[in-house]
Amino acid sequence: IDVTDIPELPDDVFIAPLEKPKDLGDDWLEPQQRVYTAEEHHIWDDLFAQQMEILPGRACSAFMAGLERLDLGRGGVPDFGAMSEELKSITGWEVVPVPMLIPDHVFFWHLANRRFPAGNFIRTRETFHYIQEPDVFHDVFGHVPLLTDPVFADYMAAYGRAGWKALKHNRLKALSALYWYTVEFGLILEEDGMRSYGAGILSGPTEAVFAVEAESPNRIHLDVDRVVRTDYTISDLQPTYFVIESFAELFHMTVERDFNDLYGRLGAGFTYANQAVLDVDRVYHIGTQEYAQRGGRG
Ligand code: PHE
Ligand code: FE
(Lines give C-alpha, C1' and ligand atoms only; values in the text may rest on other atoms or scores of the structure.)
(Ligands and ions follow the chains in the order given, each with its own letter.)
Protein backbone atom coordinates (compact mmCIF):
# COMPACT_ATOMS: atom_id res chain seq x y z
CA ILE A 1 0.00 0.00 0.00
CA ASP A 2 1.24 3.48 -0.84
CA VAL A 3 0.32 5.49 2.25
CA THR A 4 -0.02 8.71 0.28
CA ASP A 5 -2.59 7.30 -2.13
CA ILE A 6 -5.71 7.81 -0.07
CA PRO A 7 -9.16 8.87 -1.28
CA GLU A 8 -10.92 11.90 0.19
CA LEU A 9 -13.09 11.11 3.19
CA PRO A 10 -16.09 13.05 4.51
CA ASP A 11 -15.35 16.08 6.69
CA ASP A 12 -15.33 16.04 10.47
CA VAL A 13 -18.57 16.18 12.35
CA PHE A 14 -19.15 19.49 14.10
CA ILE A 15 -17.99 19.58 17.73
CA ALA A 16 -19.68 22.14 19.96
CA PRO A 17 -17.23 24.64 21.46
CA LEU A 18 -16.42 24.36 25.15
CA GLU A 19 -18.18 26.87 27.36
CA LYS A 20 -15.83 29.20 29.20
CA PRO A 21 -16.40 29.66 32.94
CA LYS A 22 -17.36 33.30 33.61
CA ASP A 23 -14.43 34.07 35.90
CA LEU A 24 -11.82 33.31 33.24
CA GLY A 25 -10.34 35.68 30.67
CA ASP A 26 -9.99 34.87 26.98
CA ASP A 27 -6.73 33.10 27.77
CA TRP A 28 -8.70 30.59 29.88
CA LEU A 29 -6.03 30.76 32.60
CA GLU A 30 -6.79 30.47 36.29
CA PRO A 31 -5.81 33.68 38.12
CA GLN A 32 -3.64 31.58 40.42
CA GLN A 33 -2.52 28.08 41.20
CA ARG A 34 -4.77 26.05 43.48
CA VAL A 35 -3.72 25.89 47.12
CA TYR A 36 -3.43 22.15 47.59
CA THR A 37 -4.32 20.47 50.88
CA ALA A 38 -1.77 18.39 52.80
CA GLU A 39 -3.47 15.21 51.59
CA GLU A 40 -3.31 16.39 47.99
CA HIS A 41 0.43 17.09 48.31
CA HIS A 42 0.72 13.63 49.76
CA ILE A 43 -0.97 12.13 46.71
CA TRP A 44 1.63 13.85 44.51
CA ASP A 45 4.44 12.41 46.63
CA ASP A 46 3.01 8.89 46.46
CA LEU A 47 2.47 9.10 42.70
CA PHE A 48 6.01 10.41 42.32
CA ALA A 49 7.51 7.61 44.43
CA GLN A 50 5.51 5.00 42.49
CA GLN A 51 6.77 6.25 39.12
CA MET A 52 10.36 6.44 40.34
CA GLU A 53 10.24 2.71 41.05
CA ILE A 54 9.27 2.06 37.46
CA LEU A 55 10.78 4.69 35.18
CA PRO A 56 14.55 4.15 35.41
CA GLY A 57 15.46 2.08 32.35
CA ARG A 58 12.04 2.71 30.81
CA ALA A 59 11.83 6.51 30.45
CA CYS A 60 14.16 8.23 27.99
CA SER A 61 17.28 9.87 29.33
CA ALA A 62 16.14 13.45 28.57
CA PHE A 63 13.03 12.89 30.69
CA MET A 64 15.00 11.55 33.66
CA ALA A 65 17.46 14.44 33.35
CA GLY A 66 14.60 16.98 33.25
CA LEU A 67 12.94 15.51 36.35
CA GLU A 68 16.16 15.90 38.23
CA ARG A 69 17.04 19.31 36.85
CA LEU A 70 13.66 20.75 37.89
CA ASP A 71 13.77 18.81 41.15
CA LEU A 72 10.14 17.77 40.75
CA GLY A 73 10.48 15.32 43.63
CA ARG A 74 11.33 17.93 46.24
CA GLY A 75 7.99 17.22 47.94
CA GLY A 76 4.38 18.07 47.12
CA VAL A 77 2.76 19.55 44.03
CA PRO A 78 5.39 21.88 42.54
CA ASP A 79 4.91 25.62 42.81
CA PHE A 80 4.29 26.80 39.23
CA GLY A 81 6.05 30.14 39.83
CA ALA A 82 9.35 28.66 40.97
CA MET A 83 9.20 25.85 38.41
CA SER A 84 8.52 28.33 35.59
CA GLU A 85 11.42 30.56 36.62
CA GLU A 86 13.75 27.59 36.38
CA LEU A 87 12.28 26.30 33.13
CA LYS A 88 12.33 29.78 31.55
CA SER A 89 16.05 30.02 32.15
CA ILE A 90 16.57 26.66 30.38
CA THR A 91 14.31 26.73 27.29
CA GLY A 92 12.05 29.78 27.71
CA TRP A 93 8.96 27.75 28.69
CA GLU A 94 6.63 28.36 31.63
CA VAL A 95 3.78 26.37 33.17
CA VAL A 96 0.38 28.02 33.67
CA PRO A 97 -2.75 26.71 35.47
CA VAL A 98 -5.98 25.94 33.61
CA PRO A 99 -9.23 24.65 35.14
CA MET A 100 -9.84 21.85 32.63
CA LEU A 101 -9.41 21.01 28.98
CA ILE A 102 -9.42 24.28 27.06
CA PRO A 103 -10.45 24.98 23.45
CA ASP A 104 -7.95 23.85 20.83
CA HIS A 105 -7.10 27.27 19.47
CA VAL A 106 -6.42 28.63 22.97
CA PHE A 107 -4.23 25.62 23.79
CA PHE A 108 -2.24 26.12 20.57
CA TRP A 109 -1.84 29.84 21.24
CA HIS A 110 -0.32 29.09 24.65
CA LEU A 111 2.02 26.44 23.26
CA ALA A 112 3.20 28.71 20.46
CA ASN A 113 4.09 31.24 23.15
CA ARG A 114 5.92 28.63 25.24
CA ARG A 115 3.29 28.42 27.95
CA PHE A 116 2.32 24.91 28.93
CA PRO A 117 -1.26 24.79 30.31
CA ALA A 118 -1.47 22.40 33.26
CA GLY A 119 -4.53 21.17 35.16
CA ASN A 120 -5.26 22.96 38.41
CA PHE A 121 -6.37 19.88 40.37
CA ILE A 122 -5.02 16.48 41.38
CA ARG A 123 -6.58 13.02 41.22
CA THR A 124 -7.95 11.40 44.39
CA ARG A 125 -6.99 8.14 46.11
CA GLU A 126 -9.93 6.50 44.31
CA THR A 127 -8.56 7.45 40.88
CA PHE A 128 -4.92 7.02 41.94
CA HIS A 129 -3.97 4.52 39.21
CA TYR A 130 -5.88 5.86 36.28
CA ILE A 131 -7.81 8.99 35.37
CA GLN A 132 -8.89 10.07 31.96
CA GLU A 133 -8.81 13.85 32.54
CA PRO A 134 -5.34 15.37 32.64
CA ASP A 135 -4.60 16.43 36.23
CA VAL A 136 -1.54 18.26 37.55
CA PHE A 137 0.39 15.02 37.96
CA HIS A 138 -0.06 14.02 34.33
CA ASP A 139 0.55 17.54 33.08
CA VAL A 140 3.55 18.46 35.22
CA PHE A 141 5.24 15.13 35.92
CA GLY A 142 4.42 13.76 32.47
CA HIS A 143 5.01 16.75 30.21
CA VAL A 144 7.23 19.31 31.89
CA PRO A 145 10.54 17.39 32.26
CA LEU A 146 10.97 17.11 28.48
CA LEU A 147 10.43 20.86 28.11
CA THR A 148 13.98 21.16 29.47
CA ASP A 149 15.26 19.46 26.28
CA PRO A 150 16.03 22.23 23.77
CA VAL A 151 14.93 20.30 20.65
CA PHE A 152 11.77 18.90 22.20
CA ALA A 153 10.95 22.34 23.64
CA ASP A 154 11.15 23.81 20.13
CA TYR A 155 9.02 20.97 18.75
CA MET A 156 6.24 21.75 21.27
CA ALA A 157 6.22 25.46 20.46
CA ALA A 158 6.18 24.69 16.72
CA TYR A 159 3.31 22.29 17.32
CA GLY A 160 1.30 25.22 18.70
CA ARG A 161 1.75 27.14 15.44
CA ALA A 162 1.05 24.00 13.46
CA GLY A 163 -2.24 23.62 15.34
CA TRP A 164 -3.45 27.00 14.12
CA LYS A 165 -2.57 26.03 10.60
CA ALA A 166 -4.30 22.65 10.86
CA LEU A 167 -7.45 24.39 12.14
CA LYS A 168 -7.38 26.66 9.10
CA HIS A 169 -7.09 23.65 6.80
CA ASN A 170 -9.71 21.70 8.78
CA ARG A 171 -7.17 18.92 9.33
CA LEU A 172 -6.83 19.09 13.11
CA LYS A 173 -7.78 15.45 13.51
CA ALA A 174 -4.72 14.41 11.51
CA LEU A 175 -2.39 16.69 13.45
CA SER A 176 -3.91 15.46 16.72
CA ALA A 177 -2.90 11.91 15.83
CA LEU A 178 0.66 13.15 15.54
CA TYR A 179 0.41 14.75 19.01
CA TRP A 180 -1.05 11.58 20.38
CA TYR A 181 1.65 9.29 18.95
CA THR A 182 4.52 11.61 19.91
CA VAL A 183 3.87 13.95 22.85
CA GLU A 184 1.49 11.57 24.65
CA PHE A 185 2.54 8.05 23.61
CA GLY A 186 5.90 8.32 21.87
CA LEU A 187 8.75 5.82 22.14
CA ILE A 188 12.38 6.57 21.38
CA LEU A 189 15.08 4.04 20.57
CA GLU A 190 18.11 4.92 22.65
CA GLU A 191 21.51 3.24 22.68
CA ASP A 192 20.47 1.21 25.71
CA GLY A 193 17.16 0.15 24.23
CA MET A 194 13.53 1.16 23.77
CA ARG A 195 12.39 4.00 26.06
CA SER A 196 9.25 6.12 26.45
CA TYR A 197 9.07 9.87 26.10
CA GLY A 198 5.27 10.26 25.88
CA ALA A 199 3.58 11.88 28.88
CA GLY A 200 0.57 9.57 28.71
CA ILE A 201 2.93 6.64 29.21
CA LEU A 202 5.22 8.18 31.81
CA SER A 203 2.56 9.53 34.18
CA GLY A 204 1.12 6.11 35.06
CA PRO A 205 2.52 2.78 36.28
CA THR A 206 0.86 0.30 33.95
CA GLU A 207 1.59 1.72 30.52
CA ALA A 208 5.13 2.70 31.54
CA VAL A 209 5.93 -1.03 31.63
CA PHE A 210 3.55 -2.18 28.88
CA ALA A 211 4.73 0.31 26.25
CA VAL A 212 8.36 -0.78 26.23
CA GLU A 213 8.20 -4.40 27.43
CA ALA A 214 4.91 -6.13 26.59
CA GLU A 215 4.62 -8.50 23.63
CA SER A 216 1.12 -7.23 22.90
CA PRO A 217 1.59 -3.83 21.16
CA ASN A 218 3.16 -3.05 17.78
CA ARG A 219 6.26 -0.84 17.76
CA ILE A 220 6.69 0.85 14.41
CA HIS A 221 9.05 3.54 13.20
CA LEU A 222 7.27 6.89 13.05
CA ASP A 223 6.39 8.04 9.55
CA VAL A 224 4.37 11.26 9.45
CA ASP A 225 2.26 10.35 6.41
CA ARG A 226 1.31 7.12 8.12
CA VAL A 227 0.70 8.45 11.63
CA VAL A 228 -1.63 11.29 10.62
CA ARG A 229 -3.87 8.67 9.02
CA THR A 230 -3.95 6.37 12.04
CA ASP A 231 -6.81 6.16 14.52
CA TYR A 232 -5.95 6.17 18.23
CA THR A 233 -7.26 4.71 21.47
CA ILE A 234 -8.20 7.29 24.09
CA SER A 235 -9.03 5.35 27.23
CA ASP A 236 -6.97 2.17 27.14
CA LEU A 237 -3.42 0.97 26.56
CA GLN A 238 -2.30 1.61 22.98
CA PRO A 239 -2.28 -1.28 20.48
CA THR A 240 0.50 0.50 18.55
CA TYR A 241 3.38 2.79 19.50
CA PHE A 242 5.46 4.79 17.03
CA VAL A 243 9.19 5.00 17.57
CA ILE A 244 11.64 7.81 16.82
CA GLU A 245 15.42 7.56 16.95
CA SER A 246 16.07 11.07 18.26
CA PHE A 247 14.23 14.34 18.90
CA ALA A 248 16.30 15.80 16.05
CA GLU A 249 14.78 13.19 13.75
CA LEU A 250 11.27 14.07 14.96
CA PHE A 251 11.98 17.77 14.47
CA HIS A 252 13.23 17.16 10.95
CA MET A 253 10.17 15.10 9.96
CA THR A 254 7.66 17.62 11.32
CA VAL A 255 8.83 21.15 12.04
CA GLU A 256 11.12 21.26 9.02
CA ARG A 257 8.44 19.99 6.66
CA ASP A 258 5.62 22.02 5.17
CA PHE A 259 2.38 20.11 5.79
CA ASN A 260 0.40 21.97 3.07
CA ASP A 261 0.70 19.18 0.48
CA LEU A 262 -0.09 16.60 3.10
CA TYR A 263 -3.24 18.46 4.19
CA GLY A 264 -4.24 18.81 0.55
CA ARG A 265 -4.05 15.06 -0.01
CA LEU A 266 -5.70 14.08 3.24
CA GLY A 267 -9.32 13.36 4.06
CA ALA A 268 -10.67 14.38 7.45
CA GLY A 269 -11.16 10.82 8.70
CA PHE A 270 -8.60 8.16 9.59
CA THR A 271 -7.57 5.45 7.13
CA TYR A 272 -5.79 2.94 9.35
CA ALA A 273 -7.09 1.11 12.38
CA ASN A 274 -4.91 1.52 15.46
CA GLN A 275 -3.84 -2.15 15.38
CA ALA A 276 -2.90 -2.26 11.69
CA VAL A 277 0.59 -3.14 10.49
CA LEU A 278 1.17 -2.03 6.87
CA ASP A 279 3.64 -3.48 4.41
CA VAL A 280 5.39 -0.09 4.21
CA ASP A 281 5.93 0.02 7.98
CA ARG A 282 9.44 -0.21 9.41
CA VAL A 283 8.62 -2.57 12.23
CA TYR A 284 10.58 -3.00 15.47
CA HIS A 285 8.09 -5.40 16.98
CA ILE A 286 4.88 -6.93 15.63
CA GLY A 287 2.53 -7.15 18.56
CA THR A 288 0.57 -10.23 19.49
CA GLN A 289 -2.37 -7.89 20.39
CA GLU A 290 -3.26 -10.36 23.11
CA TYR A 291 -4.13 -7.49 25.49
CA ALA A 292 -6.70 -6.04 23.09
CA GLN A 293 -8.01 -9.52 22.25
CA ARG A 294 -8.62 -10.21 25.92
CA GLY A 295 -10.89 -7.16 25.87
CA GLY A 296 -8.52 -4.52 27.26
CA ARG A 297 -9.77 -2.45 30.15
CA GLY A 298 -13.24 -3.71 29.23
N1 PHE B 1 5.79 22.17 9.86
C2 PHE B 1 4.46 21.73 9.83
C3 PHE B 1 3.52 22.55 8.92
O4 PHE B 1 3.92 23.05 7.95
C5 PHE B 1 3.77 21.36 11.08
C6 PHE B 1 4.36 20.84 12.34
C7 PHE B 1 5.23 21.57 13.11
C8 PHE B 1 3.89 19.66 12.86
C9 PHE B 1 5.64 21.12 14.32
C10 PHE B 1 4.30 19.21 14.06
C11 PHE B 1 5.17 19.92 14.80
O12 PHE B 1 2.35 22.66 9.18
FE1 FE C 1 -1.07 15.21 28.15
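Gln289 counts as partly exposed in this predicted model, because 16 C-beta neighbours sit inside 10 Å of it, which falls short of the 20 needed for a buried residue. Gln289 belongs to the loop that runs between β7 (283-285) and α13 (290-293). What makes this spot worth a look is the backbone: Gln289 is not a glycine, yet its phi is positive, at about 60°. Most residues other than glycine have a negative phi.

Trp28 shows a positive phi as well, near 60°, and it too is a residue other than glycine. Its surroundings are another matter. Trp28 has 21 C-beta neighbours inside 10 Å and therefore counts as buried, the cut-off being 20 or more. Along the chain, Trp28 is found in the segment before α1 (38-54).

Stepping back to the whole fold, the protein chain is built from 13 helices and seven strands. Its radius of gyration is 19 Å, close to the 19 Å that the globule rule gives for 298 residues, so the chain is as compact as a globular protein of that length. Put in a box along the principal axes, the C-alpha atoms take up roughly 55 × 40 × 35 Å. Buried residues make up 37% of the 298 in the chain. As for contacts with a separation of 6 or more, 70% of them link residues 24 or more positions apart.

Then there is the interior. The largest nonpolar core holds 67 residues, and the members that touch the most others are Phe63, Leu147, Met156, Tyr181, Val227, Val228 and Val243. Leu147 makes a handy example: leaving out residues up to four places away in sequence, Leu147 touches Leu87, Thr91, Trp93, Phe116, Ala153 and Met156. One of these partners, Met156, is itself on the list of core members with the most contacts to other members.

That leaves the ligand. Around ligand 1 sit Tyr155, Ala158, Tyr159, Ala162, Lys165, Leu178, Thr254, Val255, Arg257, Asp258 and Phe259. Which helix gives the most to this shell? The answer is α6 (residues 150-168), with five residues. Sorted by class, the shell comes to seven nonpolar, one polar and three charged residues. Lys165, Arg257 and Asp258 count as charged, and each of them is part of the shell around ligand 1. Thr254, also in the shell, falls in the polar class.

Definitions and conventions:
Residues numbered from 1 in each chain as written. Chains lettered and ligands numbered in written order. Predicted model: local features only at pLDDT ≥ 70, side-chain atom pairs only at ≥ 80, totals over all residues. Near = placed C-beta within 6 Å. Helix = DSSP H or I, 4+ residues; strand = E, 2+ residues; numbered from the N terminus. Rg over C-alpha atoms; globule rule 2.2 N^0.38 Å. Buried ≥ 20, exposed ≤ 12 C-beta atoms within 10 Å, placed from the backbone. Contact = placed C-beta atoms within 7 Å. Core = buried A, V, L, I, M, F, W, Y, C linked by C-beta atoms within 7 Å.
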